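Subject: The structure, and what turned up in it

Hi,

Here is the structure I promised to pass on. Have a look at it first, then read my notes below.

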Amino acid sequence: MDILANLALGFSVALSPFTLFLAVCGCFLGTIIGALPGLGPSNGVAILIPITFTLGLDATSALVLMTSVYYGAMYGGRISSILLNIPGDEPALMTTLDGYPMAKQGRAGDALVLSGVASFVGALLATVGLMLLAPTLARVAFFFGPAEYFALYLLAFCTLGGMASNNQAKAALAACMGLGIAMIGVDSSSGLPRLTGGNLHLFDGIDFLVAIVGLFAIAEVFFFIESHGKGSSIGVKLDKVRIPWKDIMATKWTMLRASGVGFIAGILPGAGASLGSFLAYMTEKSIAGEKGGFGTGVPKGVAAPEAGNNSAAGGALVPMLTLGVPGSGTTAVLLALLMTLNITPGPTLFTEKADVVWGLIASLLIANVVLLLMNVPMVKIFVKILSVPAWVLLPGVTMISFVGIYSLSGSYFDLLLMVGFGVLGYILRKLDVPTVPVILGILLGGKMEDALRRAMTLSDGDPIYLFSSPIAIGLWVAAIAGFVAPMFLRGVLKKPPAVTD
Amino acid sequence: MASDRIFGLVCLITAVAYIAAATQIQTNLFSGEFLPKLFPLLIGGVAALCSLTIMFKPDPDPDWPIGRTWAAMGVAVLVLCIYAVMITPLGFILPTAIAAGILSYQISPNVKPAIAAGIGLSLGLFVLFKFALGLGNIVAYKVPTAAKLWDAISILIPFVGH
């Protein structure tokens, strides 16, 4: 029972009074971040990384805190989906389809508790799946050489571009932007600056945290200036919150199926939680058929996307931890966190830093239980927080972002760069260019180039080497298929229209 | 249509400039002649190809904001830039109060709540960072000199700053 021994190790790391305190704080903070409209898991975690870093927490504590915030934000996202019809982030979009109608029928409390339980089931099963699958995948990953890694990174960009966006060219361009930015700085092999334009501030390269906070948090300010903070008032009443046992029992198979579908979608590199919640919802909708009444506010329509979404978030950790390839925007931010803590994900992580990995897995389980216990009695407090007006919230978020980035290097240059990324993020999102590939490009650019260079050095510059093993060829085929196939599947995989008042 | 064509053109020019810059990358004996240039050249090539695709197959235009909103966003960017350079010489409290107040006004144009939001956020965050999180060195307040203020603001003026 290797897994149980490892899990015991993980709990011995993660279950001290101080880390438990951090887990509770993180869950509380995360739920608030997720619930606030305009702040999702990605930007919430991104803003907090530099601040955690300056607090001087050790790796395990920081990891516990941030994973609790991450899971908390995934939980909290459903509150604004159900009560305001505003998804906190893209995966929560599917929850609005049945959650908001259910809330309008006066069953807001039931919908909130049910989605909380569904989130718990999805996240728990995904964490179990992670424990079973990740060590196996880590063993396979030992066969990966530079050619395989190059193809793997390519696969991540292709599937991300293919599945998560409406226009392949725009997604690929976004990835190129990120990769291009990652090239800036002093070259590791020659020691000479590349593409810096002689600017001394750029010799260190551009910190991915600056880009993440700019693209996700600062860009949001411009969207709120454009909309003048409208559309964030609560339209439905929340009465007494009870536990709807009947609905929970009635949706148990839905939750299990949705968790399975979500987990598989999460494992695919680049696909992530949006696809997980979408597939889970659509599967349940087709199983229930016309009579199921999906879209009119049925409990199954709330449980399925929430279980799928949270399960996919857990599944996305499998490729992130074993191969260093994140499956979604939020896992990209978590990868950024690991890199800030000087932990390099990859197959060796499971053997060399077993305490960190299993500590992380244990803290996921802890966070999950804390969240369930916290969410049912305290849901009213979180709902109160939704009434914080945008004209206080957004300036506050901006100022916290500034302090966080300023604390990294104490340089005005990073702050100006962050504002620049904010403007870029606004324009890109207006033009329907996804911003997650940009982040992924900045995060992975250095490693992808490294893999290519080692492959070229090993083969003496022969490009055929990139296709020299069955694994590499398989990854190339998957990458091309993942990029091309959605062009033809777009008609089939049409998203259902959002609910309007 | 037009937005995407302009966006594609801007990206194409950037990509070509990037390729040109990549061919000028300095190399030495340790890195070899070609390897430091290879990946940047590939990226530039793919980006140029994507830009051309976007130019020739544009999506429908998004709903761009009206002129007044653009002005508001321009002001916001300017305020954030000035805030970025002023936080070093002036410290945290004063610039934060002003910047947060202006941003708040841009989101919801009411003067009194905006002033309250600015002052409240500035003092609240100061207390949070200094006393709760122990980051006093980052949010310290400072008394500036005229020379330091000029140094900071000149960063934003092209060809004058450093």
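Let's start with a term: "buried" stands for under 20% relative accessible area, "exposed" for over 50%, and "partly exposed" for anything in between, using a 1.4 Å probe and protein chains only. By that yardstick Y153(A), at 5% relative accessibility, is buried.

Some ground rules before the rest. This is a predicted model, where local features need pLDDT of at least 70 and side-chain atom pairs count only at pLDDT 80 or more, while totals for chains, interfaces and linings use all residues. Residues are numbered from 1 along each chain as its sequence is written, chains are lettered from A and ligands numbered from 1 in the order in which they are written, and side-chain values use heavy atoms, with hydrogens and water left out.

**Two buried residues in chain A**

Back to Y153(A), which sits in helix α6 (residues 146-164) of chain A. Helices here are DSSP runs (H or I, at least four residues), and strands are too (E, at least two), numbered from the N terminus. Setting aside residues up to four places away in sequence, Y153(A) touches G324(A), V325(A), L444(A), K447(A) and M448(A), where contact means heavy atoms within 4.5 Å. Try finding L323(A) too: 170 residues separate Y153(A) from L323(A) in sequence, yet their C-alpha atoms are 9.5 Å apart.

S119(A) belongs to helix α5 (residues 93-140) of chain A. With a relative accessibility of 0%, S119(A) is buried as well. Not counting neighbours within four places in sequence, S119(A) has contacts with Y75(A), R78(A), E306(A) and N310(A).

**The nonpolar core**

A nonpolar core is a set of buried Ala, Val, Leu, Ile, Met, Phe, Trp, Tyr and Cys residues joined through side-chain atoms within 4.5 Å. The largest one has 207 residues, and F402(A) and F7(B) have the most contacts inside it. Which helix gives the largest share of this core? That is helix α16 (residues 354-385) of chain A, with 18 residues.

Chain B is assigned two domains, domain 1 (2-56) and domain 2 (67-154), with bounds that come from an automatic or database domain assignment. Their centres, taken over C-alpha atoms, are 38 Å apart. Both of these chain B domains give residues to the largest core, so the core lies between them.

Beyond its neighbours up to four places away in sequence, F402(A) touches residues of both chains, including I218(A), L415(A), L80(B) and Y83(B). Another core lies apart from the largest one; it has six residues, among them M94(A), F278(A), Y281(A) and F294(A).

L103(B), in helix α4 (residues 93-107) of chain B, is buried at 0% relative accessible area. Leaving out neighbours within four places in sequence, L103(B) is in contact with V221(A), P395(A), T398(A), M399(A), A76(B) and L80(B).

**A pocket**

A grid of 1 Å was laid over the protein atoms alone; a pocket is an open set of points with protein on both sides within 12 Å along at least five of seven lines, and lining residues have an atom within 4 Å of a point. The second largest pocket holds about 930 Å³ of space. Its lining has 32 residues, and L29(A), I33(A), L48(A), I400(A) and L128(B) lie nearest the centre. The largest share of that lining, eight residues, comes from α2(A).

**Cysteines**

How many disulfides are there over all chains? The count is zero, with a disulfide taken as a pair of cysteine sulfur atoms within 2.5 Å. For C176(A), the closest cysteine sulfur is in C50(B), 5.2 Å away, which is too far for a bond. C176(A) is buried, at 8% relative accessible area.

**Loops to look at**

Most residues other than glycine have a negative phi. N342(A) is not a glycine, but has a positive phi of about 65 degrees. You'll find N342(A) in the loop between α14 (329-340) and α15 (347-352) of chain A, and at 61% relative accessibility it is exposed. D460(A) is not a glycine either, and has a positive phi of about 60 degrees. D460(A) is in the loop between α19 (436-458) and α20 (470-489) of chain A, exposed at 73% relative accessibility.

Cheers

Definitions and conventions: On a 1 Å grid over the protein atoms alone, a cavity is a set of points where a 1.4 Å probe fits but cannot get out, and a pocket is an open set with protein on both sides within 12 Å along at least five of seven lines; lining residues have an atom within 4 Å of a point. Grid points are joined across faces, edges and corners, and a volume is the space filled by probe spheres set on the points.
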